[in-house]
Amino acid sequence: QVQLVESGGGLVQPGGSLRLSCAASGNIFSINGMRWYRQAPGKERELVAVITTLGSTNYADSVKGRFSISRDNAKRTVYLQMTSLKPEDTAVYFCNADLLVVQGFRPVSYWGQGTQVTVSS
């Protein structure tokens with residue numbers, strides 16, 4: 001069974017830092033693009049950061065200069081380093097990845113269960 005499992009969320013004060021991790025497991029042949037999304041209460045899910053197979057990255061304007069996405073292909077893990085956190089960063093953060101399973105025909109988008117990040121004093 002293929003799954004993505006996030007970890008690293010929690011409560012942090014404004015200006016603090018957190019590092020989220022998302023590990024893929026199961027019968028995976030390859031992993032293409034990996035992304036972090038977030039969804040705040042009453043708001044739509046928004047794309048936060050993207051990293052391609054070759055390591056190219058892109059960020060939402062609201063997090064540029066504060067967040068950094070990276071990946072470890074050997075560990076099948078994507079990270080989101082968050083610094084200078086603001087109350088408006090409070091949300092459930094979701095990992096998303098395009099996974100090609102063994103004997104699969106084409107990559108399929110998978111989602112993690114989400115991890116809560118709360119920025120508050």
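Two strands count as paired here if DSSP finds at least two bridges between them. That is the criterion behind the sheets I will go through. One caution before that: this is a predicted model.

I start with the open sheet. Four strands form it, in the order β1-β3-β8-β7, and the pairing is antiparallel. β1, residues 3-7, and β7, residues 67-72, stand at the edges. Each has a single partner strand, so one side of each is left without a neighbour in the sheet. From one strand to the next, the twist averages 15°.

Inside that sheet, look at β3 and β8. Strand β3 covers residues 18-25 and strand β8 covers residues 77-82; the two run antiparallel and are joined by 6 bridges. One position to mark in β3 is Cys 22, which stands opposite Val 78 in β8. I come back to Cys 22 shortly.

Next is strand β9, residues 91-101. How many of its residues are buried? The count is 9 of 11, so to speak mostly covered. For the cut-off, buried means under 20% relative accessible area.

β9 has several pairings, and I take them in turn. With strand β4, residues 28-39, there are 9 bridges, and the strands run antiparallel. Gln 39 stands opposite Val 92 in β9. With strand β11, residues 115-119, β9 shares 3 bridges, again antiparallel. Here the bridge partner of Ala 91 is Val 117 in β11. With strand β10, residues 108-111, the pairing is antiparallel over 4 bridges. In that case Asp 98 has Ser 109 in β10 as its bridge partner.

β9 and β10 make a hairpin, with 6 residues between the strands. For anyone checking backbone torsions, Gln 103 in this hairpin takes a positive phi near 70°.

Now back to Cys 22. Which residue does Cys 22 form a disulfide with? The partner is Cys 95, and the sulfur atoms are 2.1 Å apart. Cys 22 lies in strand β3 and Cys 95 in strand β9, so the pair ties together parts that are 73 residues apart in sequence. The structure holds 1 disulfide. The torsion about its S-S bond is about -80°, so the disulfide is left-handed. Both cysteines, Cys 22 and Cys 95, are buried.

To recap the link: Cys 22 sits opposite Val 78 within the β3 and β8 pairing, and the disulfide joins Cys 22 to Cys 95, a residue of strand β9. That is what I have for today.

Methods
Residues are numbered from 1 along each chain as its sequence is written. This is a predicted model: local features need pLDDT of at least 70, side-chain atom pairs count only at pLDDT 80 or more; totals for chains, interfaces and linings use all residues. Side-chain values use heavy atoms; hydrogens and water are left out. Buried means under 20% relative accessible area, exposed over 50%, partly exposed in between (1.4 Å probe, protein chains only). Axes are lines fitted to C-alpha atoms, for helices over the stretch in contact, and angles run from 0 to 180 degrees between N-to-C directions. A disulfide is a pair of cysteine sulfur atoms within 2.5 Å.
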